[in-house]
Amino acid sequence: MRIRPTLSWTPTEGLPPGTTDLEPVVDALSGGGVLVLSGAGISTESGIPDYRGEGGSLSRHTPMTYQDFTAEAQARRRYWARSHLGWRTFGRARPNAGHRAVAAFGRAGLLTGVITQNVDGLHQGAGSEDVVELHGSLARVVCLSCGALSTRRELALRLEEANAGFAPVAAGINPDGDADLTDEQVGDFRVVPCAACGGVLKPDVVFFGETVPPARVGHCRALVRESTSLLVLGSSLTVMSGLRFVREAARAGKPVLIVNRDATRGDRHALTRVALPLGAALSTVTERLGLPGVP
C-alpha cells in the first residue's frame, strides 16, 4: 500500500497571530548573516499559483508522486502532457519585486544564502547567486537510467515534434508547472525517451514522496549553522523538507522570521510572522534599509 505524502496542514489553536510590523525583519537584515528560505508564495506575483493559499492549486490538483511516475507509463504520459503544456506559460514567468528584493539583500552582503523550495528559477533570474534549489529545477531533465542531464528547452522541442498540434485549453497552471488537463485532453500524447540511452526521462525535481538528496540537505543545514537568523518568505512550511530548517534554527536559538499571509506550520518557532503581500513588504524593507529601489 502506498502512503501519500503530506499535502496539507490545518492550523492548530494557540499559534501567535500575524502582524503587519516589518521592523523585526528590517532589524534582522540590517545585522546581516540572514539565511532566506523561500516557498511558492514568493512566485505568485509572477503568475505562478501557490499550493495552499487562497485559491491554491491543491484545491483542484494532486501533484504527481515519485511512486506513481516511476511505476506507471500512463502516469508519465499524463504528467508530461500536462507539464509540456504548462511549460509554455511557466517558462515565460519573470521575477517579481519579491525576488528582486532578495537579490538586493544579497548584493548588499546581508545574506549568507538563499534556499528555495521552488523549481521556477526566478531567484536566479532576479540576480541572486548561489541559490540552493532544494527541490531541483524544472529547467533540467534527467534520465532515470543513465543519469544524463539535458535542458527543458531541448525536451520541449522534441515533444513539439512528437505531438504536432497538441494545444488543449488548460483550466489552470500549478506551482509544479503542470497544466490542469482531463484524461480526454491528454489523449494519446507521445512521451519521448532519453536521447542517449532510450530510458525514462524525469524533470530534475524532487517529486512528492521522493527524498531530497542528502548532500543538498547537509549543505542547507550548514547554511543554517553559519547564519544568525532565518527569514522564511512565502512558505506554509507544511512539508518537512523546509520545516526542518526552521526547527533547527529555533533549537540553535537563532531568530526565525516569517513573511507569509497565512498561518504556517513553523509559526510556533518564529519570533514573528508578517501577514503582508510579499512584493510590497520586501520592497518596503529595501527602502528602510536604504538599498537601491526594487521596481
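Helices here are DSSP runs of at least four residues, numbered from the N terminus. Keep in mind that you're working with a predicted model.

**Exercise 1.** Work out which helix holds Thr286, and whether Thr286 is buried or exposed.

*Solution.*
- Step 1: Look for the run that includes Thr286; that's helix H10, covering residues 278-288.
- Step 2: Buried means under 20% relative accessible area.
- Step 3: Thr286 has 1% relative accessibility, so it counts as buried.
- Step 4: Now check the side chain of Thr286, which reaches the backbone oxygen of Ser283 at 2.6 Å.
- Step 5: Skip neighbours within four places in sequence, and Thr286 is in contact with Ala101, Phe105, Leu291 and Val294.

**Exercise 2.** Do the job again for Val217: find its helix and decide if it is buried or exposed.

*Solution.*
- Step 1: Val217 sits in helix H8, residues 214-226.
- Step 2: Its relative accessibility is 6%, so Val217 is buried too.
- Step 3: Leaving out residues up to four places away in sequence, Val217 touches Val212, Arg244 and Phe245.
- Step 4: Try a distance: the C-alpha atoms of Val217 and Val132 are 9.7 Å apart, with their positions 85 residues apart along the chain.

**Exercise 3.** Describe the largest nonpolar core and say which helix gives the most to it.

*Solution.*
- Step 1: This core has 29 residues, and Phe189 is one of those with the most contacts inside it, along with Tyr79, Trp80, Leu155 and Leu201.
- Step 2: Helices H3 and H6 and strands E4 and E6 each supply at least two residues.
- Step 3: H3 gives the most, with six residues.
- Step 4: Another core, of 28 residues, lies apart from this one and includes Leu22 and Val294.

Notes. Residues numbered from 1 in each chain as written. Predicted model: local features only at pLDDT ≥ 70, side-chain atom pairs only at ≥ 80, totals over all residues. Heavy atoms only, no water. Buried < 20%, exposed > 50% of the residue type's maximum accessible area, 1.4 Å probe, protein only. Contact = heavy atoms within 4.5 Å. Core = buried A, V, L, I, M, F, W, Y, C linked by side-chain atoms within 4.5 Å. Polar contact = N/O pair within 3.5 Å; in protein donor to acceptor, adjacent residues only side chain to side chain.
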